[in-house]
Amino acid sequence: MQRADGQVSTSPTCKPLGTHCAGTIAAVANGQGVVGMAQAKIMALKFLSRTGGGGRISDAIRCIDYARENGARIISNSWGGIGDVPFALEQAIERAQREGILFVVAAGNNGLNIDSTSFSPANSRNDNVLTVGAINFAGQRSGFSNFGPRNVDIGAPGGTGNPPDADDI
C-alpha cells in the first residue's frame with residue numbers, strides 16, 4: 001500500500017480500510033468470491049491510522065492531491081465524520097472537480113439525516129461529489145447508514161450492520 005508521502009508500506013499490521021469497497025468495484029473474475037463491476041486500476045492511498053482511530057485532514061488532502069496528480073479519474077473515500085467540510089478539504093475536492101474527477105464519498109454510518117446534520121465530506125458543495133449510503137441484501141437502507149434525499153445520491157451494498165453479517169451482500 002502506498003502512503004500519502006509516496007513510500008510503500010508492506011506492514012502486516014496495516015489495516016486494509018477500503019478493501020471491501022475496492023473489491024466491490026474491481027475484483028477480478030477468478031472463480032472465487034465476488035466479481036467487481038468494472039475493469040479498473042486501484043491506487044491505494046491511506047491516511048487513517050491502522051487502528052481505525054482517525055487521521056488528519058491535511059493527510060487526506062495530500063492523498064487527494066496525489067491521486068489527482070497521478071491520473072486518478074475517480075477517487076473513492078470510505079471515511080468521514082460529523083461536522084462541516086473544512087475549507088482546505090473543500091478546496092482539494094474542487095481541484096479534483098476542475099480536472100473532471102468524480103469524488104465518491106461515504107454517507108457515513110451514524111444513522112443520521114445528513115440533510116440536517118453536517119457530515120464531512122458528504123456535505124461538500126462541489127458538483128463532483130457522489131455520496132453513497134449503505135443498503136442491505138434486500139435493497140433497503142441499512143439501519144446504520146446515514147441518509148438524506150438532498151445529500152445522499154445512491155445506495156450500494158453495505159450489509160445490515162449486525163455481526164457477523166456485516167458483509168451479507
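Start by selecting Ile75 in this predicted model. Beyond the residues up to four places away in sequence, Ile75 touches Ile64, Ala67, Ile101, Leu102, Phe103 and Val104. Show those side chains as sticks and keep Ile75 in view, since the next stops begin here.

**Stop 1: the strand pairing at Ile75**

Colour strand β3, residues 74–77, and then β5, residues 102–106. β3 and β5 run parallel and are joined by four bridges. Two of the facing positions are easy to pick out: Ile75 has Phe103 as its bridge partner in β5, and Ile74 stands opposite Leu102 of β5.

**Stop 2: across the sheet**

Which strand do you meet after β5? Select β7, residues 129–135, which pairs with β5 in the parallel sense over four bridges. For a landmark, click Ala106, whose bridge partner in β7 is Val132. Now add β8, residues 154–157, and the sheet is complete: an open sheet of four strands in the order β3-β5-β7-β8, with parallel pairing. β3 and β8 stand at the edges with a single partner strand each, so one side of each has no neighbour in the sheet. Turn the view to look across the strands and you can follow the twist, which averages 30 degrees from one strand to the next.

**Stop 3: two helices side by side**

Next, select helix α2 (residues 57–69) together with helix α3 (residues 87–98). Their axes lie 10 Å apart and the packing angle is about 10 degrees. α2 and α3 are therefore roughly parallel to each other, as angles under 35 degrees are counted that way. To see the contact itself, show Ile57, Ile61, Ile64, Asp65 and Arg68 on α2, then Ala88, Leu89, Ala92, Arg95 and Ala96 on α3. Coloured by type, the residues of this contact divide into seven nonpolar, three charged and no polar.

**Stop 4: the nonpolar core**

Which residues have the most contacts inside the largest nonpolar core? Select Ile64, Ile75, Leu89, Phe103 and Ile114. The core has 23 residues. Among the names you have already met, Ile64 and Leu89 also take part in the contact between α2 and α3, while Ile75 and Phe103 are bridge partners. The elements that give two or more residues to the core are α2, α3 and β5. α2 provides the largest share, five residues. In soluble globular proteins, nonpolar side chains tend to be buried together.

**Stop 5: a buried loop residue**

Move to Asn151, in the loop between β7 and β8. Is Asn151 buried or exposed? Its relative accessibility is 15%, so Asn151 counts as buried, the cut-off being under 20%. Leaving aside neighbours within four places in sequence, Asn151 is in contact with Ile114, Asp115, Ala122, Asn123 and Thr131. Ile114 is one of the core residues from the previous stop. Try a distance label too: the C-alpha atoms of Asn151 and Val132 are separated by 9.2 Å, with their positions 19 residues apart along the chain.

**Last stop: the whole chain**

Zoom out and switch to a cartoon. The protein has three helices and eight strands, and reading along the sequence gives the pattern β-α-β-α-β-β-α-β-β-β-β. Of its 169 residues, 33% count as buried. Finally, consider the contacts with a separation of 6 or more: residues 24 or more positions apart account for 60% of them.

Terms used: Residues numbered from 1 in each chain as written. Predicted model: local features only at pLDDT ≥ 70, side-chain atom pairs only at ≥ 80, totals over all residues. Heavy atoms only, no water. Axes fitted to C-alpha atoms, helices over the stretch in contact; angles between N-to-C directions. Parallel < 35°, antiparallel > 145°, perpendicular 65-115°, else oblique. Contact = heavy atoms within 4.5 Å. Nonpolar A, V, L, I, M, F, W, Y, C, P; charged D, E, K, R; others polar. Core = buried A, V, L, I, M, F, W, Y, C linked by side-chain atoms within 4.5 Å. Buried < 20%, exposed > 50% of the residue type's maximum accessible area, 1.4 Å probe, protein only. Pairing = 2+ DSSP bridges.
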